[in-house]
Amino acid sequence: MEYEAVIGLEVHVQLNTRSKMFTRVGTGFGQPPNTLTDPVVLGLPGALPVMNRDAIEKSIKVGLLLGCKIAEVCKWDRKNYFYPDMPKNYQISQFDQPICEGGEVEIEMPGENPAKMGAHRMVELTRIHLEEDVGKLTHYEQDSLVDYNRAGSPLLEIVSEPDMHSPDEVFAYLTSLRNSLVAAGISACDMEKGQLRCDANISVRPKGTTALGTKVEIKNLNTISGVRNGVEYEIRRQIRAIEEGTEIIQETRRWNPEQKYTTPMRTKEMAHDYRYFPDPDLMPVKIDEAWIDRVAKELPEKPFDKQRRYQEEMNLPYSATSSLCGDHLLCAYFEEATALAKSPTKTANWVVNDLLRELSQANKVDEFAEESNEAITPQSCPVSPQSLAELINLIEDGKLTNNVAKELFPEMFATGKTVSDLIKEKGLDQKSDDGEIEGICADAIANDSDAAEKFRGGKEGAINALKGAVMKATRGQANPKVVDETLRRLLS
Amino acid sequence: MSEDAPMDIDYVANLARIELSDEEKTTYQRQLGDVLKYFEKLQELEVDGVEPTAHAFPRHNVWDKDESKQGFSATEALKNAPQSRQDQVVVPKVIEE
Amino acid sequence: MSPDSPIFKTATELSADLTAGKISSVELTRAMIERVETVDEKVHAFLHLDQEDALAQAKASDERRSKGECLSPLDGIPVGLKDVISVKDQPLTAASKILENYRSPYDATVTVKLKEAGAVVAGRLNLDEFAMGSSTENSAYGPTRNPWDLERVPGGSSGGSSAAVAAREVPLSLGSDTGGSIRQPASLCGVVGMKPTYGMVSRYGLAAFASSLDQIGPFSTTVEDAALLLETISGHDPLDSTSFPKDIPSYSGELKNPAQPGVIGLPKEFFGPGMDDEVRAKVDQTIEHYRSLGYQTKEVSLPSTDLSIPVYYVIATAEASSNLARYDGIRYTSRSERAQNAIDVYAKSRGEGFGSEVKRRCLLGAYGLSSGYYDAYYLRAQKARTLIRQDFERVFKEVDAVLTPTAPTPAFKFGEKSEDPISMYLSDIYTISTNLAGLPGISVPCGFTQSGLPVGMQLIGQAFEESKLLNIAHAYDRDHLYGRQAPNL
């Protein structure tokens, strides 16, 4: 029998606000333990929450970006349960009036090959709500340690409908969601830093049936590949269970990335009586049309819309657009460069091949640095879009060969020098000086009278030997077009 | 409510995470049963169409701008902790729930 | 103790003496410390008194004054705080064993305001554990005794704050009131106690009992002093989202221009059975006095009154069960030594650290919010709360204030009600609906029973009309000044 998996995702995204959701102490990753706390974060007696307006605005932005209905009024509820990473032993969250409802995420499935666009479709969302994050527990042999730096950071929970059916779709969904959120400046969505976390609800049913199977929740899917592998494993486990006639239990399982399997987590039978009630310490949020309109004006172009525009308006090949559009910073760089450069396609190719290669190399080296530096972005890299456009235009104008340009680019990236700086420095000015070229060409003809004769005798190909000699004499710096014209004139 | 559905004292004590002695369980079971019985007049009340009061003087959008301020040092944060190590709070081994 | 001693003076008088140079803050603070050393063994209003810190504050006040830099009328005057209000580097036990070793790393907003006014913030005052109770018998550190009769309770939960003022250990103190926890002990101890409108005084730094009902307020011997302390601690606080943005007038200044006598409402539901005869007689005399001052009185109806106790206990315990979840033996509260794993830490630390009333209310609150019961209890109570609010809204269209007894009886004996939660809950019957409606209420001493126990009357005012309420209360108080009578200790 063939089976179909039904998958829904709960994605938690940390908003990149300066301060926490309900107090104004700073947020951040990688700070020394327990240095981002205050009375509110630690849940000290008497501490009271105060909303972060920016976190609410960012949530509205996400809602608009994903086509959700934005609530006119949303409120805060306490979700009560005891856990050492949660200082108050209740989490301020949104239960029955979330900030956003509905919405969708456009996904693209893999194409036949990397140069071919895959199928697109929409994955439906149930709701998005805002809450506060918990602290971080590290487990040791005998005990556990708690760091509350992360506690209280604004956290957006994006809940999808059970609308995905394969690990590939899950991967595509997460990729698309992440690209959109990063592009909108909501979050860096770095899974390694816990800025994007994901739980999956998975069930399996015979293909063609509509009833849902028993749902299993998978936790600890902490990397994009972890999500793909964990989901894939769990689907196989459930299918095997059905085929072997074993019952699938509704439970929560944990993905073990090292051993690559899921194991059941111990659950108390009452773990889900969260005793939600409206938080009396906070007032509700009212979101009016004017606010929504203002936020809507700041929305970035969605990555897939941008990709379609590049293909349609600039005639860029699919492969280039797919490399560009996964990274909004790269797109911004490309758009700046292409506005100055003569060929959009060449610009795109330079950006996705040469610039991207240099960037990834530069950032790879950084991993070994003592302190983790900020990653180098297209915007912060030494080659400005203007500088790249200059390079491309010199090639287009025949003043620089592609090969030389390819050699110069890494140096531009390493030193921050412009292409004209380097040409001057190295004496690489392409020889277009007619007098000088004419002299060199005349020498070449004199030195290889054999080839000259053959050309005059009608053998077109013989000119190449002469061109080669000229290029050699000029160390490749002569403009090939000028050389060709000069030789033909002198031989006629 | 107390007669037909007595409070499950073990369930509630576990929800509230309070360890109770057997004697306490008996006492609370009885006392809270009485209290719930006293609360029955609430069940008889006609409240259809009445809006709940969450705040005596409701307002909206009480918030701050997103500015970060200096908080506690790790030492201040952990000053009252019953047990700490490496600037973190020590808890007995957490069994994954 | 000489009747001229500064401890028998009001804060207003002491302020004048400090200004006139008749006394220094250090002398005053020393007198206070001496008084605590003499009488607190009997009364047990104090859980902690940092003498060195109090004298250092007094010295700083005297230095300011000598340079002509007096900060406010309260500069140099000691104010005691209920041990649920945070003061940086001082203990905050909430009268619970679970917070035995905790010291607050920050100041509550009211503490900041008192310090900015130059007051000598001195002493941690006893209470029912986590403010849950009406007798101060629920303190883990032993009960406070009523200074008028040491065999009797001072009321609660702010029994330490009321007894400290009644025993003349401090001229002023702060308490917190969730269902009557300022007004009822004020009444039982024969002092003035006021609960402001919800949102007038910041709750930031007040260990929460029931967030939607809690409010900090003053204790004093006169209404005039209450006005002085209230104007110092009131005002909008951006750290408390439920704090109301309102300009605070000089309440004490406005007492000097008394308003025209208005209309006082007498709710018939409050004058039914259950009220002690002597209490009724004193309240009747109070009503007569208002009439003699030209006030009109009018019978009014608050038909939802009988709902107030169940509504209150459902809402307050639900909020409390969640608010007190943070006392868990993990970050700052005492941890049970029997704990083997994290789950154990919670159940055992809380089982050992909480007293019986706190446990009872946390259980009740968790039950009322639990799956399947939320609609029947919490949601229903919130709806009934709306009816109670509407009752008052209707009544205040016709009257300027509502007058009731503060408590159904004078101070009762230790142990009299502690085994029967419901009879204890009923001692808040007259004060609870004020909290549910968010309104200001003040208890003013209105005489003594034949056996010499104080009786208090309560005036309930319109929301945010503290000035008017204080004015009406002052009209009675200045003619009687029962709060200035001190017990023999």
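Two residues are in contact if their C-beta atoms, placed from the backbone, lie within 7 Å. I will use that meaning of "touch" throughout.

What you see is a predicted model. Its scores are ipTM 0.97 and pTM 0.92. Chain C has an average pLDDT of 96, and 100% of its residues score at least 70.

I start with one residue, C:L363. It sits in helix 12 of chain C, which covers residues 356–369. Is C:L363 buried or exposed? The cut-off for buried is 20 or more other C-beta atoms within 10 Å. C:L363 has 25 of them, so it counts as buried.

Which residues does C:L363 touch, leaving aside those up to four places away in sequence? The answer lies in chain B: B:V12, B:A13, B:A16, B:I18, B:Y28 and B:L32. Within its own chain, C:L363 can be paired with C:A318, which is 45 residues away in sequence and 8.9 Å away in space, C-alpha to C-alpha.

Now the whole contact between those two chains. On the chain B side there are 43 residues, and they meet 58 residues of chain C. Four elements of chain B each give at least two residues to this side: helix 1 (9–15), helix 2 (22–38), helix 3 (40–44) and strand 3 (88–92). Helix 2 gives the most, with six residues. By class, the chain B side has 29 nonpolar, five polar and nine charged residues.

Chain A also meets chain C. Here 24 residues of chain A are in contact with 33 residues of chain C. The elements of chain A that supply two or more residues are helix 1 (39–42) and strand 5 (77–80). This side of chain A divides into 15 nonpolar, four polar and five charged residues.

Last, a helix of chain C: helix 4, residues 109–116. Why is it described as largely enclosed by the rest of the structure? Because six of its eight residues are buried. Those six are C:T109, C:V110, C:T111, C:V112, C:K113 and C:L114.

What do the buried residues of helix 4 pack against? There are strands, namely strand 2 (78–82), strand 3 (120–125), strand 4 (172–177) and strand 6 (215–220), and there is helix 7 (223–233), all in chain C. After helix 4 comes C:G118, with a positive phi near 85°.

To go back to the start: C:L363 is buried, and its listed contacts include B:V12 and B:L32.

Note on methods. Residues numbered from 1 in each chain as written. Chains lettered and ligands numbered in written order. Predicted model: local features only at pLDDT ≥ 70, side-chain atom pairs only at ≥ 80, totals over all residues. Nonpolar A, V, L, I, M, F, W, Y, C, P; charged D, E, K, R; others polar. pLDDT = per-residue confidence, 0-100. Buried ≥ 20, exposed ≤ 12 C-beta atoms within 10 Å, placed from the backbone.
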